[in-house]
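Visitor: I would like a close look at a single part of this model, followed by whatever helps to place it.

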Amino acid sequence: MSHPSAWQTHRQYAATAARWTADRWSKESDRRRTLRATRKPLVRDARAALAQAQATDPQKVTSLVHRAERELATAKRRVPDPMWLFASKAALVTAAAGYVGLPLVPGRVWMWAAVAVSVAVTGAVLWALLHRPAASPNEPTAEERDLLKRLQPEHWREHAEQRGLAGTLTGRPRLTESGIVVAVRLDGQWTTTKLRGSEDHIRALLGARTGLRFQIKAGKQGGWAELTLRTRSAADGDDLLWAPKRRSLGIDTVTGEHVTVPLGERLLIAGRSGAGKSVASRPLLFDASEGDTNALVIIDLKRVEGRLWDHRARVASTPEDVIAVVDELEAEMHDRLNVLPKGQDTWGPTPDRPRITVVVDEGAEVVTAADKVPFPEEDGDGKTKVRTRSALPGLESIARMGRAACIDLWWMTQKPTIGDGVPKQIAPQISTSICLAVRTPAEARVVLGEDAQAKGWNADELPAPGVALIRDGKRGPDPVKVRYMDKTVVINLPDQPIWSRTTTPTATGTTPTLTLVKPTTASPVVAAVDGTDARILDAIETAATPVRQKDLAETTGLSKGTVSKAVKRLTDTGHITRQPDGGLTADKAA
């Protein structure tokens, strides 16, 4: 073998040996560091026990002090030396053994051997420092180490009674990606609900900070509860800024999974002021307005969020606009249900008649402001009179029947109480609830269900902003960190066609679906009739006698405002004629 090749081989062997040595050094160093972190508190406890024993028996009459000394010695032996100290001792022992066992070795050889060993050890240490792996994500923090120690059964048993928790006992705690989880055994006097009410006692026993969130729920077996201390989140380190490539609603803080809410659900989105309700809803609004077969309608009397989306959504920002758009949505819903093919449960969205998502932003304001709105209507004598209209009956009808017509209602509110923020007829229709931080447990129960707290859905304990609970019948009570979608991002989104009853979104633009031509000659040119107008005309044609306008609302099931508009259109186009007594008859020639 030539000298260059031999030198190259030696270098390869040396590099391999250095990597192996560094790897072993790093692993052993981590192992010793973990053991020291776990066992050093035991030494402190043993010292405290010894001091207490010496104070109790200073003359060492009993064996109390001797037993404490033995326990302290045992605890010290169980704490390993740090890696640098262990290596130093090993090197000294090796050098001493060599000095004693090999006295005839020349000093020059000892010198070069010491130099070689020093270089090798130094190289291995430098390699380990430069290539040291990142700390394990499950390595406990200082706070978690203290909590894990106090959650041990021995510590809990010793302090439970003085903290008012006698009759409870913890199992062995474990550290997870979402915090510390421990099972708690309950005797006959305790229940999960009672333990949840004793959270302050638990916090005092553990010495936990006030801001640390607890979660207490029923265990997997009777007589057990599960206590979770949210010391960390599985969403930590993830980029929560919304982007087209990151279109999920948020990230589960327990599992780290991306959470999505599909279209077609009837949503209730609630949260107190400042909880991030508007920001949390923006990824959902994007999905509802994206694509050829999706259309978005926003009812926003505050004019804040709706203004951001007016290039992608139909926005109603006044009580009169709300009445008008609800009338159109209700008429569209009945039209779709009338032509729904036999045997088909739900409407299939198309570019001409897309899925419509109706978002009511701040429902409590809509219930109040759009309740008694002055609205002009024609009576049976052809006179115009002002009536008060309410948008709520139409919204309730959409909530009850809209799903089959592919018209979905999303209700958003800061006041999640029945009769105030969530109408009684709408609340039972909700299929998915998204609850950010609320003020009281009562509000959490309205949004998430009466059994919410018993099953761990404690929305009143959520941090704000940007953390939500999502109850859809599939998920558990794991908090979700929602994505942040900035206002400028919404404004810069590409435009989308705006839905209305006369023009509906298509892939290329807008297509008229109903054109009514007013007659201009004695022989009128009458447009084709469909939708709501066709229902009104059919009801008049099938009647044996002239029909009163007020009777048409009961016959067709439409609102009075919708009937009034349809009658006016049909009269203008010559399809129907109003008799002197106010009755309506169909023009057979038309």
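What covers the buried residues of helix 13?

Guide: This is a predicted model, and the description below is computed from it. Helix 13 runs over residues 392-401. Its buried residues are Gly 394, Leu 395, Glu 396, Ser 397, Ile 398 and Ala 399. The cover over these buried residues includes three strands and two helices: strand 9 (294-300), strand 11 (355-361) and strand 14 (407-413), together with helix 11 (319-339) and helix 12 (363-369).

Helix 13 also takes part in lining a cavity. Searching the whole structure gives four cavities of 30 Å³ or more, and the largest of them has a volume of about 40 Å³. Its lining consists of Val 366, Val 367, Ala 370, Asp 371, Ser 390, Ala 391, Leu 392, Leu 395 and Trp 411. Helix 12 and helix 13 are the elements that each give two or more residues to this lining. Sorted by class, the lining of the largest cavity has seven nonpolar residues, one polar and one charged. Leu 395 thus appears twice in this account, as a buried residue of helix 13 and as part of the cavity lining.

Helix 14 (residues 441-448) can be described in a similar way. Buried there are Glu 443, Ala 444, Val 447 and Leu 448. These residues lie on the same side of helix 14, because the arc they cover around the axis is only 115 degrees. Their cover includes strand 8 (267-270), strand 15 (432-435) and strand 16 (467-471). Just after helix 14 comes Gly 449, with a positive phi of about 115 degrees.

Two cysteines deserve a note. Cys 406 has a relative accessible area of 3% and is therefore buried; Cys 435, at 0%, is buried as well. As for disulfides, which would need a pair of cysteine sulfur atoms within 2.5 Å, the count comes to zero.

For contrast in setting, consider Phe 86, which lies in helix 3 (residues 83-101). Its relative accessible area is 37%, so Phe 86 is classed as partly exposed. Apart from neighbours within four places in sequence, Phe 86 is in contact with Arg 32 and Asp 81. Between Phe 86 and Ser 29 the C-alpha to C-alpha distance is 9.8 Å, with 57 residues separating them in sequence.

Note on methods. Residues are numbered from 1 along each chain as its sequence is written. This is a predicted model: local features need pLDDT of at least 70, side-chain atom pairs count only at pLDDT 80 or more; totals for chains, interfaces and linings use all residues. Side-chain values use heavy atoms; hydrogens and water are left out. Buried means under 20% relative accessible area, exposed over 50%, partly exposed in between (1.4 Å probe, protein chains only). Helices (H or I, at least four residues) and strands (E, at least two) are DSSP runs, numbered from the N terminus. Contact means heavy atoms within 4.5 Å. The arc is that of the directions from the helix axis to the C-beta atoms. On a 1 Å grid over the protein atoms alone, a cavity is a set of points where a 1.4 Å probe fits but cannot get out, and a pocket is an open set with protein on both sides within 12 Å along at least five of seven lines; lining residues have an atom within 4 Å of a point. Grid points are joined across faces, edges and corners, and a volume is the space filled by probe spheres set on the points. Ala, Val, Leu, Ile, Met, Phe, Trp, Tyr, Cys and Pro count as nonpolar, Asp, Glu, Lys and Arg as charged, and the others, Gly among them, as polar.
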